[in-house]
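The following exercises concern the nonpolar cores and the pockets of a predicted model. Each task is followed by a worked solution.

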Amino acid sequence: MSSPARFDRGHTDDLMTFLTASPSPYHAVANAAERLEKAGFRQLSETDAWDSGTGGKFVLRGGALIAWYVPEGAAAHTPFRIVGAHTDSPNLRVKPLPDMGSQGWRQIAVEIYGGTLLNTWLDRDLGLAGRLTLRDGTERLVNIDRALLRVPQLAVHLDRSVNSDGLKLDKQRHMQPIWGLGDPHEGDLIAFLEEEEGLEQGSVAGWDLMVHSIEPPSYLGRDRELVAGPRMDNLLSVHAGVAALAAVSGAGKLDHIPVLAAFDHEENGSQSDTGADGPLLGNVLERSVFARGGSYEDRARAFAGTICLSSDTGHAVHPNYGERHDPTHHPRANAGPILKVNVNQRYATDGSGRAVFAAACERAGVPWQTFVSNNSMPCGTTIGPITAARHGIQTVDIGVAILSMHSARELCGADDPYLLANALVAFLEG
């Protein structure tokens, strides 16, 4: 993968498989963990004492994963090279009392998660996925990947102004999906899931469930040079990070420790025990230092030499809304990953970070682009500034340019996931 980049359809095919198999953050980290285990990584428990051994290791907590590879000869003060990403995507999430209905229709009560484009969830065949927590404390992943739910749009005959004045959706009144006919009964949804999973009735004590489109990813365009699919923001980066970390593990001498940090809850501010603004990453890195016999001084030295690439999707220039973009920065599909810059620290990139990313792309033979927001438009943000501020480590914001960000179905160039993965390999190799 670290040889000069060329379009690799196999990598993009594998990304599409990963997207389909990961309808929730919990599925995403389970699938990432399985791939890392095949590459020789082993899972550690946060409640156990950690040893000083070398090799690949990872920690799972909820919808987050931290994985790292300790090379032979690593000292306690050896710095880290981190690829950061997030596992969550904007969607519709099931409420604690899910069973509702109106006008003879049975519905599921949902809450809007993150800044989703509401209209993209209308009139789609939707499945349901997430995790169930049983009364004995164990957890079970669940994925109903068939047409179970639908959020029906109002017919144009009943809203003649929709095409002239625009679609107006109330998050509470208009976004509750239907899943059958008749009167709702408390406990119906969970009883249905227990039956689907072969669980004893009444065994589920808690749940974290979300809706997903069951339409699989696909190539698009005359020459199939584009990919359309769900949750590219930001499972595209998670997938690339897993591939890159697996590629560098055991591959020659490293003077640093490569890390993948895949967080949950980025889409609503990262403030959770599994989010980038929580203690998880810092705790894992510190424990890695201390497990190798290090002191607080070693921890400080390691963090001072650490660099993080925060990889998240960004905006490709839109052909129908070119005026919404900066006039001199037009990231395009299949032109390589983007460096994301914002002087108001919505992104963490500075000039020295630019040099780090440019050097990695040059080593990988990967073209790259720059994104900056139009001054008249508000700029989004990422885990980058949070990671830099919380841990005091140099952070650079990068990603892949996409269209339809926060839609139920997003679009990117078919080459770009592979180009990103190559750049991440070169960065982790140092």
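**Exercise 1. The nonpolar cores**

Identify the residues of the largest nonpolar core that touch the most other members, then examine the contacts of Leu 65 and look for another core.

Solution. The largest nonpolar core comprises 55 residues, and those touching the most other members are Leu 36, Leu 65, Leu 245, Ile 398, Leu 424 and Phe 427. Next, take Leu 65: with residues up to four places away in sequence left out, its contacts include Leu 36, Phe 58, Val 59 and Leu 60, as well as Leu 260, Ala 261 and Ala 262. Finally, another core of 28 residues lies apart from the largest one; Ile 108, Ile 144, Leu 148 and Val 151 are among its members.

**Exercise 2. The largest pocket**

Describe the volume and the lining of the largest pocket.

Solution. Begin with the volume, which is about 1,000 Å³. The lining of this pocket consists of 34 residues, with His 315, Pro 378, Ser 404, Met 405 and His 406 nearest the centre. Two or more lining residues come from each of β15 (314-315) and β19 (401-403). Sorted by class, the lining holds twelve nonpolar, 14 polar and eight charged residues.

**Exercise 3. The second largest pocket**

Repeat the analysis for the second largest pocket.

Solution. The volume of the second largest pocket is about 490 Å³. Its lining has 23 residues, and Pro 152, Gln 153, Leu 154, Arg 173 and His 174 are the closest to the centre. Strands β5 (91-102) and β6 (105-113) each contribute at least two lining residues. By class, ten residues of this lining are nonpolar, nine polar and four charged.

Note on methods. Residues are numbered from 1 along each chain as its sequence is written. This is a predicted model: local features need pLDDT of at least 70, side-chain atom pairs count only at pLDDT 80 or more; totals for chains, interfaces and linings use all residues. Side-chain values use heavy atoms; hydrogens and water are left out. A nonpolar core is a set of buried Ala, Val, Leu, Ile, Met, Phe, Trp, Tyr and Cys residues joined through side-chain atoms within 4.5 Å. Buried means under 20% relative accessible area, exposed over 50%, partly exposed in between (1.4 Å probe, protein chains only). Contact means heavy atoms within 4.5 Å. On a 1 Å grid over the protein atoms alone, a cavity is a set of points where a 1.4 Å probe fits but cannot get out, and a pocket is an open set with protein on both sides within 12 Å along at least five of seven lines; lining residues have an atom within 4 Å of a point. Grid points are joined across faces, edges and corners, and a volume is the space filled by probe spheres set on the points. Helices (H or I, at least four residues) and strands (E, at least two) are DSSP runs, numbered from the N terminus. Ala, Val, Leu, Ile, Met, Phe, Trp, Tyr, Cys and Pro count as nonpolar, Asp, Glu, Lys and Arg as charged, and the others, Gly among them, as polar.
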